[in-house]
Amino acid sequence: MFTVAALTAVAAEKDTRVFEMRTYYAAPDKLDELHARFRDHTVKLFEKHGITNIGYWVPIENTDNKLVYVLAYPSREARETSWKEFGADPDWQAARKASEENGKLVAKVEQLFMTATDFSPEIKPSTDASERVFELRTYTTTPGNLPALHARFRDHTISLFAKHGMTNLFYWQLLPDQKDAENTLIYMLAHASVDAAKASFEAFRADPEWVAVKKASEDKAGGSLTVPDGVKSVFMKPTDYSPTR
């Protein structure tokens with residue numbers, strides 16, 4: 001009988017796509033206008049040029065006016081071609097010009113290039129009948145311990161998350177040319193609410209199986225698999241135009 005981890009590993013083995021996580025910092029008072037441009041123009045133009053929209057989110061506590069979104073491409077080369085064609089598209093140029101008549105909408109852009117881990121569920125847009133809260137989690141490992149962290153997720157953590165009511169969505173590793181690629185795991189979960197997420201994690205951390213697995217992995221590694229303060233979590237909500245909701 002397959003475990004959850006085994007099933008997800010099989011699903012993701014064939015996914016050789018490149019994923020790009022883009023974080024936009026909207027200019028002051030421009031976030032709504034940025035949403036409108038994506039809703040009315042950008043999302044459709046991405047698809048026109050062979051770019052797959054995975055999801056669009058904003059942090060629940062969004063003091064920096066962020067928009068976080070994930071795209072998928074067949075390859076890094078395909079990504080460059082698609083963006084070149086997108087940038088030259090007259091429809092995009094017209095939409096951008098019209099939207100920026102009173103100033104640019106984006107003050108800063110950050111990007112990460114990633115691939116799916118071998119234990120990630122299939123990475124595709126998904127929706128749920130009820131509203132969901134999404135949690136973006138980033139782990140920084142101690143030197144040399146990213147493979148050990150992957151093994152712990154592959155063999156134990158994913159199935160334990162599911163056991164405690166969390167939905168495993170996407171698990172990524174950075175491409176080798178990205179900063180800190182050798183020690184970074186990025187993944188996303190879905191929860192019924194922030195309170196549900198906190199309750200799930202409390203139950204997960206108290207689970208005797210997790211306690212034993214964590215101890216065994218750390219004993220083997222000679223200490224924690226993550227650096228101090230090496231787990232970052234951001235709760236987000238989907239935009240109304242996000243394919244994943």
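In the predicted model, strands β1 and β4 run antiparallel and are joined by 8 bridges, with Phe19 standing opposite Met114 of β4. Strand β1 is likewise joined to β3 by 8 bridges, again in the antiparallel sense, and here Arg22 has Tyr69 of β3 as its bridge partner. Pairing of this kind, in which the strands of a sheet are held through backbone hydrogen bonds, may be either parallel or antiparallel. Burial of β1 extends to 9 of its 9 residues, so the strand is largely enclosed by the rest of the structure. In a regular strand the side chains alternate between the two faces of the sheet. Both faces of β1 are covered, since Val18, Glu20, Arg22, Tyr24 and Ala26 are buried on one side, and Phe19, Met21, Thr23 and Tyr25 are buried on the other.

These pairings belong to a barrel closed by 8 strands in the order β1-β3-β2-β8-β5-β7-β6-β4, with antiparallel pairing. From one strand to the next, the twist averages 35°. Helix α3, comprising residues 76-88, packs on the sheet and touches β1, β3 and β4, its direction making about 45° with that of β1. Elsewhere in the barrel, strand β6 (residues 167-174) pairs with β7 in the antiparallel sense over 6 bridges, and within this pair Phe170 stands opposite Met188 of β7.

A second helix, α6 (residues 194-206), lies across β5, β7 and β8 and runs at about 45° to β5. The 13 residues of α6 should span 18 Å at 1.5 Å a residue, and the 19 Å that separates its end C-alpha atoms agrees with this expectation. The buried residues of α6 include Ala197, Ser200, Phe201 and Phe204. Viewed down the axis of α6, its buried residues fall within an arc of 95°, and they therefore line one face of the helix. An α-helix has 3.6 residues a turn, so residues three or four places apart point the same way. The cover over the buried residues of α6 includes strands β5, β7 and β8 together with helices α5 (146-163) and α7 (208-221), whereas Asp195, Glu202 and Ala206, on the other side of α6, are exposed.

Strand β7 (residues 184-191) also contains His191, which counts as buried because its relative accessible area is 3%, a value under the 20% limit for that class. The side chain of His191 is joined to that of Glu135 by a polar contact of 2.8 Å. With neighbours within four places in sequence left aside, the contacts of His191 comprise Arg132, Val133, Glu135, Met166, Ala197, Phe201 and Phe235. Of these residues, Ala197 and Phe201 are in contact with His191 and are also buried residues of α6.

Two loops connected to the barrel strands contain residues with backbone angles of note. Most residues other than glycine have a negative phi. Asp29, which is found in the loop between β1 (18-26) and α2 (31-48), has a phi near 65°, a positive value in a residue other than glycine. With a relative accessibility of 75%, Asp29 counts as exposed, because the class begins over 50%. Lys30 is found in the loop between β1 and α2, but at 12% relative accessibility Lys30 counts as buried. When residues up to four places away in sequence are not counted, Lys30 touches Asn102, Gly103, Lys104 and Leu105.

The other such residue, Asn65, is found in the loop between β2 (52-59) and β3 (66-73) and has a positive phi of about 55° although it is not a glycine. Asn65 counts as partly exposed, its relative accessibility being 26%. Again with residues up to four places away in sequence not counted, Asn65 touches Tyr24, Tyr25, Ala26, Pro28 and Leu31; among these contacts, Tyr24, Tyr25 and Ala26 are buried residues of β1. The C-alpha atom of Asn65 is separated by 20 Å from that of Thr138, a residue 73 residues apart from Asn65 along the chain.

Key: Residues numbered from 1 in each chain as written. Predicted model: local features only at pLDDT ≥ 70, side-chain atom pairs only at ≥ 80, totals over all residues. Heavy atoms only, no water. Helix = DSSP H or I, 4+ residues; strand = E, 2+ residues; numbered from the N terminus. Buried < 20%, exposed > 50% of the residue type's maximum accessible area, 1.4 Å probe, protein only. Contact = heavy atoms within 4.5 Å. Polar contact = N/O pair within 3.5 Å; in protein donor to acceptor, adjacent residues only side chain to side chain. Pairing = 2+ DSSP bridges. Axes fitted to C-alpha atoms, helices over the stretch in contact; angles between N-to-C directions. Expected span 1.5 Å × (residues − 1). Arc of directions from axis to C-beta.
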